[in-house]
Amino acid sequence: QEQLVESGGGLVQAGGSLRLSCAASGRTFSLARMAWFRQAPGKEREFVAAIASGSDTYYGDSVKGRFSISRDNVKEILYLQMNSLKPEDTAAYYCAGDFRRYADSTYYLAASTYDYWGQGTQVTVSS
C-alpha cells in the first residue's frame, strides 16, 4: 500500500503562484510513477502532469509552460509548482501514484493506470 497526502492548496489571484506537495509513505517512492490530476465541479478528472521513476516528465496541454512537476526521492515528496495561474485552473488537485511500468508514455496520462490516490487539495484562482 502507498499512502498519499496532498497539501499546499488555497486561494490565489490570477497570475499568482502556488506549490502543491504530496507526501508519500508505504512503498519505495523512488520506484513509483507519480502524477497530478485535477477535477473541477461538473467536469471530468483531467491530467495535469506526470513524472516517471527516472524523472521523465509529461504535461497536459493546458498547463505546459506554466506548471512544473518534480520529486524528492529522499523526502518522498511529489511537488507541483504552478505559476501564472488562471481562473480556469480552479479545481481539486489530486496526487496519484503507481508502480506498474509502461513502455508507451500515453499510459502516464490515464487516471485508470494509477492505483493510489490522495484525498485532494483545493486550488481556487480568483480573477
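In this predicted model, R71 is buried but forms no salt bridge. The nearest side chain of opposite charge belongs to E2, 7.4 Å away. A salt bridge would require a separation within 4 Å. R71 is part of strand 7, which spans residues 67-72.

Polar partners of the R71 side chain were then examined. A polar atom of this side chain lies 2.9 Å from the backbone oxygen of A32. The R71 side chain also makes a polar contact with the side chain of N73, at 2.9 Å. Beyond four places in sequence, R71 touches F29, S30, A32, M34, I51, A52, S53, S55, I77 and L78.

L78 has contacts of its own. Residues up to four places away in sequence aside, L78 touches L20, S21, C22, F29, M34, A35, W36, I51, I69, S70, R71 and C95. R71 is thus one of the residues in contact with L78.

L78 also belongs to the largest nonpolar core, which has 28 residues. Within this core, W36, L78, L80, M82 and Y93 touch the most other members. Two or more residues each come from strand 3 (18-25), strand 4 (33-39), strand 5 (46-51), strand 7, strand 8 (77-82), strand 9 (91-98) and strand 11 (121-126). Strand 3 contributes the most, with four residues. Another core lies apart from this one. It has eight residues, including F37, A50, A96 and Y108.

Definitions and conventions
Residues numbered from 1 in each chain as written. Predicted model: local features only at pLDDT ≥ 70, side-chain atom pairs only at ≥ 80, totals over all residues. Heavy atoms only, no water. Buried < 20%, exposed > 50% of the residue type's maximum accessible area, 1.4 Å probe, protein only. Lys, Arg positive; Asp, Glu negative; His and termini not counted. Polar contact = N/O pair within 3.5 Å; in protein donor to acceptor, adjacent residues only side chain to side chain. Contact = heavy atoms within 4.5 Å. Core = buried A, V, L, I, M, F, W, Y, C linked by side-chain atoms within 4.5 Å.
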